[in-house]
Amino acid sequence: MDKQIWPEAETLRVGEGSMGVVMCHGFTGSVMSVAPWAHALAEGCDVRVVAPRLTGHGTTWEDLSQSRWTDWYADVESAWAELAASCDKVFVAGLSMGGSLALRLAEKHPVAGVLLVNPAVASRNRLLPLSGVLRHIVASQPGVRSDIKKEGVEELGYDRISVAAAWSMSQLWKQVRTDMPRIEAPVILFRSEVDHVVDDSSHETLLRALPATEVVRLPNSYHVATLDNDADLIFERSISFVTEHARTESTA
């Protein structure tokens, strides 16, 4: 299905150690958007990170239109199995839709902790519930990549959104919201004060279901905060979170 893959979008494996982190990029984005986060964790707390390229990403939006959330989750679950086979503990991290995939993994498998940057699990967009019908009429819509405040930084991703894939993403969100009470692992949530992609409904939904979530505000970044002005804050607090919970028994 997939055409030639962009080099920056290929699955990333970095780091060594007895702990692992599965890291998930977002919808229409690529591994490039989370690569600095992966490298920071690998260098800062001696972990192995696998950031899989999600099916249909890193090629063309037409490829994405042929994939569904179950394909993306299968990529994430495969990365988890790879790390779980050789690591004492495995954490999961995600940006945007990658956050919902990370939460889904935590609902189904014993992870040591969950790290989320502007995760998407809901939306107030009134067109999204209609996408199941619209996907038969409209193939794509303009994209939303590079919501970044920092000057001169651009995210590698699609400039079109597949309506069929967006509908499938909404089905992932429904499943995640239904099963969120199953999550017992500690959660840290990094939330930009200004986000032009994911509205507050995701943040509110997550905190209602998981009230013990640790929240870190990002005052100087937009949606793709892992490439933005507050990236160092994300990296530092992520290293602290993994280091802290690596010392304790996983509760999941």
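**Group meeting talk: around strand 4**

Hello everyone, let me start with a single side chain: F241 is buried, with a relative accessible area of 2%. Please keep in mind that we are looking at a predicted model.

What does F241 pair with? F241 forms an aromatic pair with F91, and the arrangement is edge-to-face. The ring centres are 6.4 Å apart, with 70° between the planes. This pair ties together distant parts of the chain, since F91 sits in strand 4 and F241 in helix 8, which spans residues 231-246. Along the sequence, the two are 150 residues apart. F91 is buried too, with a relative accessible area of 0%. In total, the structure holds three aromatic pairs.

F91 takes us to strand 4, so to speak, and I'd like to stay there for a moment. How many of the residues of strand 4 are buried? Seven of its seven. K89, F91, A93 and L95 point one way, V90, V92 and G94 point the other way, and all of them are buried.

Now for the neighbours. Strand 2 pairs with strand 4 in the parallel sense, over six bridges. As an example, V90 in strand 4 is the bridge partner of G20. Strand 5 also runs parallel to strand 4, and four bridges join the two. There, V92 stands opposite V114. To get from strand 4 to strand 5, the chain passes through helix 4, and this β-α-β crossover is right-handed.

V114 leads us nicely to the nonpolar core. The largest one has 44 residues, and those touching the most other members are V22, F27, W72, L101, L103 and V114. Several elements each supply at least two residues of this core, including strand 2 (19-24), strand 4 (89-95), helix 4 (97-108) and strand 5 (114-117). Which helix gives the largest share? Helix 3, with seven residues.

Take a look at L103 as well. Beyond its neighbours within four places in sequence, L103 is in contact with V114, L116, V121, V176, M180, I183, L206 and L210. Apart from this core lies another, of 36 residues, with L12, V14, L41 and I234 among them.

For anyone new to such pictures, a general point: in soluble globular proteins, nonpolar side chains tend to be buried together.

So if you turn the model on your screen, try starting at F91 and F241, then follow strand 4 to its parallel partners, strand 2 and strand 5. Thanks for listening!

Definitions and conventions: Residues numbered from 1 in each chain as written. Predicted model: local features only at pLDDT ≥ 70, side-chain atom pairs only at ≥ 80, totals over all residues. Heavy atoms only, no water. Core = buried A, V, L, I, M, F, W, Y, C linked by side-chain atoms within 4.5 Å. Buried < 20%, exposed > 50% of the residue type's maximum accessible area, 1.4 Å probe, protein only. Contact = heavy atoms within 4.5 Å. Pairing = 2+ DSSP bridges. Right-handed = clockwise from strand over helix to strand, strands pointing away. Phe/Tyr/Trp six-rings, centres within 6.5 Å; stacked < 30°, edge-to-face > 60°.
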